[in-house]
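Trainee: Please take me through one strand and its surroundings at the level of single residues. Then carry on from there to the rest of the chain.

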Amino acid sequence: MDNLLNASKIKINGIYTDEHGIYPKGRYEVPTAEEDVERINIRGRDGSLTKKYGYLDIPLSVTFYIHAESFKTAFRKAKMFLLSAKTIQVDDDDEVYYKVKSVTIHPAENVMKTFGEFVVDFVLDPFMYEVNNPVQTITSQTTIHNPGYEALPVITAHMSGTGNIYVNEQKVTIQNVNGTITIDSEMQNAYRIEGGYIVNLNKHMIGKFPVLEHGSNVISFDGDISKIELIKNWRWV
C-alpha cells in the first residue's frame, strides 16, 4: 500500500492518467539521456579520438494499474489514451515535459475481474522542454541568456523586402518577403501560414537554421525587417 500511496502522478498530453482511471505504481524518475560517443584508438596516439554525435533517446518503463468494475473494458479504453501520447510529465517536475516518440503496451496481468496491472514502455526524445514557452517580441538588438542546452528556436520576421537576422555569429538572409516568414530550426523549415495553409518559403531563406547556444546570445536584424518574434524552446538534458 505504501508503494501506491507514494506513487508518481503522470500526465499524458497534459492530462493526469488517473483522470482515465490509470494509476502509476511506484515513483518514477526519468533518466538523463545518454550521450552518443564513439572512441577510436589510434596507434601512436596517446588516448583515444572522441567523436560526439548527440544524445540518445530515453527509454522509460512505467507499471500502471487499473481498478474498475470490468478491468478488460477499462484496459481497452486505457490503451487508446496511452497510445495517443505525444508528451509526458511527472508531477514532481511538471515545469518540463518530454516528447514521446513511441509507446509499447505489454500484456496485462489480470488475476481479478476488477483489477489488473500492465507495463508501458515509452521512448522519449533526449531532452526535456519547458512548459512555459512564451513569444518574445524583439525590435532592436537584444541579448538573451540560455540557461539550458542549445535550443532550436522558432523565429518569425515581420518585413517588406530583404533583410538579415543575426544570432551571435550566425547569419540568416531573407530575400523578397512581404508580410511574415517563420524560421523553425527544429523542423528545418521556413514558411508562412495563410488561410490555414502552410506556404513553403524555404527558397527565400539563405543560411543555416539558427541555434541559441548555452549562455549569452546576441540577436539583431537589419534591412527591411521591422521586428521579430522569438519562441526560444528552452530544453534541458
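**From one strand outward**

Mentor: Start at asparagine 176, which sits in strand E14, residues 170–184. Keep in mind that this is a predicted model. Asparagine 176 counts as exposed because its relative accessibility is 59%, over the 50% cut-off. Its backbone deserves a look as well. Most residues other than glycine have a negative phi. Asparagine 176 has a positive phi of about 55°, although it is not a glycine.

Now follow the chain past the end of this strand. Glutamine 188 is in the loop between E14 and strand E15, residues 189–194. This residue, too, has a positive phi of about 55° without being a glycine.

What packs against E14? Part of the answer is isoleucine 206, which belongs to strand E17, residues 205–206. Setting aside residues up to four places away in sequence, isoleucine 206 touches Lys171, Val172, Thr173 and Gln175. Those four partners fall within the span of E14. With a relative accessible area of 44%, isoleucine 206 is partly exposed. Asparagine 164 gives another reference point. It is 42 residues from isoleucine 206 in sequence, and their C-alpha atoms are 9.4 Å apart.

Go on to the loop between E17 and strand E18, residues 215–231, where glutamate 213 lies. Glutamate 213 is partly exposed at 39% relative accessible area. Beyond four places in sequence, it touches Asn146, Glu150, Asn168 and Gln170. Of these, Gln170 brings us back to the span of E14. Glutamate 213 also gives a sense of scale. Asparagine 110 is 103 residues away in sequence and 50 Å away in space, C-alpha to C-alpha.

Next, the buried nonpolar residues. In soluble globular proteins, nonpolar side chains tend to be buried together. Here the largest nonpolar core has 29 residues. Which members touch the most other members? They are Phe64, Leu82, Ile88, Phe118, Phe122 and Leu124. Several elements each supply at least two residues of this core: strand E1 (10–12), strand E6 (58–67), helix H2 (71–83), E7, strand E8 (96–105) and strand E10 (115–130). A second, separate core has 24 residues, including Ala151, Met205, Phe209 and Ile225. Met205 takes us back to E17, the strand of isoleucine 206.

Zoom in on phenylalanine 64. Leaving aside neighbours within four places in sequence, it is in contact with Ile10, Thr17, Ile22, Tyr23, Pro24, Leu82, Gly116, Glu117, Phe118, Val120 and Phe122. Leu82, Phe118 and Phe122 appear again here, having been named with phenylalanine 64 in the core.

Serine 70 is in the loop between E6 and H2. It is partly exposed, with a relative accessible area of 26%. Its C-alpha atom is separated by 5.2 Å from that of threonine 114, although the two are 44 residues apart along the chain.

Strand E7, residues 87–90, holds glutamine 89. Is this polar side chain buried or exposed? Glutamine 89 is buried, because its relative accessible area of 9% is under the 20% cut-off. A polar atom of its side chain lies 3.2 Å from the backbone oxygen of aspartate 94. Its contacts beyond four places in sequence are Lys9, Ile10, Lys11, Gly14, Asp94, Val96, Tyr97 and Val131.

Pick up glycine 14 from that list. It lies in the loop between E1 and strand E2, residues 15–16. Glycine 14 is partly exposed at 42% relative accessible area. Beyond four places in sequence, it touches Thr87 and Gln89. Tyrosine 97, another partner of glutamine 89, is 83 residues from glycine 14 in sequence and 9.0 Å away in space, C-alpha to C-alpha.

One last feature is empty space. Rolling a probe the size of a water molecule over the atoms shows where such space is left. The structure holds one cavity of 30 Å³ or more. About 30 Å³ of space lies in the largest cavity. Which residues line the largest cavity? Tyr129, Leu152, Glu186, Asn233 and Arg235 do. By class, that lining has two nonpolar, one polar and two charged residues. Glu186 belongs to the stretch you met earlier, after the end of E14 at residue 184 and before glutamine 188.

How values were computed
Residues are numbered from 1 along each chain as its sequence is written. This is a predicted model: local features need pLDDT of at least 70, side-chain atom pairs count only at pLDDT 80 or more; totals for chains, interfaces and linings use all residues. Side-chain values use heavy atoms; hydrogens and water are left out. Buried means under 20% relative accessible area, exposed over 50%, partly exposed in between (1.4 Å probe, protein chains only). A polar contact is a pair of N or O atoms within 3.5 Å; within protein, one must be able to donate a hydrogen and the other to accept it, and residues adjacent in sequence count only if both atoms are side-chain atoms. Contact means heavy atoms within 4.5 Å. On a 1 Å grid over the protein atoms alone, a cavity is a set of points where a 1.4 Å probe fits but cannot get out, and a pocket is an open set with protein on both sides within 12 Å along at least five of seven lines; lining residues have an atom within 4 Å of a point. Grid points are joined across faces, edges and corners, and a volume is the space filled by probe spheres set on the points. Ala, Val, Leu, Ile, Met, Phe, Trp, Tyr, Cys and Pro count as nonpolar, Asp, Glu, Lys and Arg as charged, and the others, Gly among them, as polar. A nonpolar core is a set of buried Ala, Val, Leu, Ile, Met, Phe, Trp, Tyr and Cys residues joined through side-chain atoms within 4.5 Å.
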